[in-house]
Amino acid sequence: MTPLSPQLSHLRELAEESGRIAQECRKSLKRELKPDGSIVTNGDRTVEEFLRKELPALAPSSTVWGEEFGKEEEGAGGLWVVDPVDGTSNYAFGGPYWGVSIGLTRGSEILLGAIFLPDIGEMYLAEKGGGVTLNGSPVAPIPAGAVEPFELVSYCETVRRRLPDGSIPGRMRCTGAFVVDGTFTCLQRFRGLIGCHERLYDVAPSVLMGLELGADVRYVDGDPFDVADLKVHAEIAKPWIIFPANSGFLVR
């Protein structure tokens, strides 16, 4: 078992409790539609309410930006970015591919990350400069090099339509939950990931984990992935990647 800092150890406990709360809410699940047509449940809201109460004590003078209850101004201690149930459609209809996503950002940096996938029993933790663990064991660095035609790459139809035909290497996969695609990329179950239109609370822990494992995290056109900018403009406006270093993948 890899020793954790006190702050990351406490974050793990909060992620575990969040997963337990979400599973408990499933026993009396209530589904609603948001104005954008996406599903929200009592599980999403209950988990975020719990985390909004607990997270500021973990980093004094920090604030919270969550998917369900909005964004506070970043405090001196940083901004927690929270997706209480990522993969809500999977969660709402009984699928296992969903999870809790929690990250701590400060300025342009992501300092801490936790992703818990309760139904498949996987807890991913990361701290800037401290590597990544899965259920307490260190995760190996992502091997550099090209994506082979037979390897799996996570992306959705939106990304496929945004990029030129034939430009994306590998075989297309998409689980419907960014936390799953992101962590599967970190484990190399998927060789790489291409996203678009997510928000920082969806992706922050996966980005931190990718960076800690030596991945190439940037926009497909080569522009740098700017965490501070995403706190202002919110939505990731163009395709971006978590890919092996030196993959050669670039689309101008």
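This is a guided tour of a predicted model, arranged as a series of selections to make in the viewer.

**Helix H1**

Begin by selecting residues 6-25, which form helix H1. The helix has 20 residues, and its first and last C-alpha atoms lie 29 Å apart, close to the 28 Å expected at 1.5 Å a residue. Next, highlight its buried residues: Leu8, Ser9, Leu11, Leu14, Ala15, Ser18, Gly19, Ile21, Ala22 and Cys25. What covers these buried residues? The cover includes helix H2, helix H3 (88-92) and the strands S5 (79-86), S6 (99-106), S7 (109-117) and S8 (122-127).

**Helix H2**

Move to residues 42-58, which make up helix H2. Its 17 residues should span 24 Å at 1.5 Å a residue, and the end C-alpha atoms are 25 Å apart, which agrees. At the start of the helix, display the side chain of Thr41: one of its oxygens comes to within 3.0 Å of the backbone nitrogen of Gly43. Further along, centre the view on Arg52, where H2 bends by about 30 degrees. A proline, Pro56, follows within four residues of that bend. The buried residues of H2 are Asn42, Gly43, Asp44, Val47, Glu48, Phe50, Leu51, Arg52, Leu55 and Leu58; Arg52, the site of the bend, is thus listed among them.

**The eight-stranded sheet**

Now show the strands in the order S4-S3-S5-S6-S7-S8-S9-S10, an open sheet of eight with mixed pairing. At its edges stand S4 (70-71) and S10 (137-138). Each has a single partner strand, so one side of each is left without a neighbour in the sheet.

Within the sheet, select S6. Seven of its eight residues are buried, so the strand is largely enclosed by the rest of the structure. S6 pairs with S5 in the antiparallel sense over six bridges, and with S7, also antiparallel, over seven bridges. Ile102 of S6 serves as a marker for both pairings: its bridge partner is Val82 in one and Ala114 of S7 in the other.

Follow S6 into the hairpin that it forms with S7. Two residues lie between the strands, and Gly107 takes a positive phi near 65 degrees. Continue from S7 to S8: the two run antiparallel and are joined by six bridges. Here Leu112 stands opposite Glu127 in S8.

**Helix H6 and the largest nonpolar core**

Select residues 200-212, helix H6. At 1.5 Å a residue its 13 residues should span 18 Å, and the end C-alpha atoms are 17 Å apart, which agrees. Because 11 of the 13 residues are buried, H6 is largely enclosed by the rest of the structure. The buried set consists of Leu200, Tyr201, Asp202, Val203, Ala204, Pro205, Ser206, Val207, Leu208, Met209 and Gly210.

Which residues touch the most other members of the largest nonpolar core? In this core of 38 residues they are Leu200, Val203, Phe225 and Trp240. Helix H6 gives the most to this core, with seven residues. To view part of the packing, display Val203 together with Phe178, Glu198, Phe225, Ile236 and Trp240, which it touches when residues up to four places away in sequence are not counted. Apart from this core lies another, of 28 residues, among them Leu11, Leu14, Phe50 and Ala59.

**Strand S15 and Ala245**

Select strand S15 (240-243). Both of its faces are covered: Trp240 and Ile242 on one side, and Ile241 and Phe243 on the other, are all buried. Strand S13 (192-195) pairs with S15 in the antiparallel sense over three bridges, and Gly195 stands opposite Trp240. Strand S14 (216-219) also runs antiparallel to S15, joined by four bridges, with Asp216 opposite Phe243.

End in the segment after S15, at Ala245. At 22% relative accessibility, this residue counts as partly exposed. Beyond its neighbours within four places in sequence, Ala245 is in contact with Ala144, Gly145, Gly214 and Asp216. Two of these contacts have appeared or can be located directly: Asp216 stands opposite Phe243 in S15, and Gly214, which follows H6, has a positive phi near 85 degrees. As a final distance, Ala245 and Leu4 are 241 residues apart in sequence and 27 Å apart in space, C-alpha to C-alpha.

Technical notes. Residues numbered from 1 in each chain as written. Predicted model: local features only at pLDDT ≥ 70, side-chain atom pairs only at ≥ 80, totals over all residues. Heavy atoms only, no water. Expected span 1.5 Å × (residues − 1). Bend = angle between axes of the 7 residues up to and from the residue. Buried < 20%, exposed > 50% of the residue type's maximum accessible area, 1.4 Å probe, protein only. Polar contact = N/O pair within 3.5 Å; in protein donor to acceptor, adjacent residues only side chain to side chain. Contact = heavy atoms within 4.5 Å. Core = buried A, V, L, I, M, F, W, Y, C linked by side-chain atoms within 4.5 Å. Pairing = 2+ DSSP bridges.
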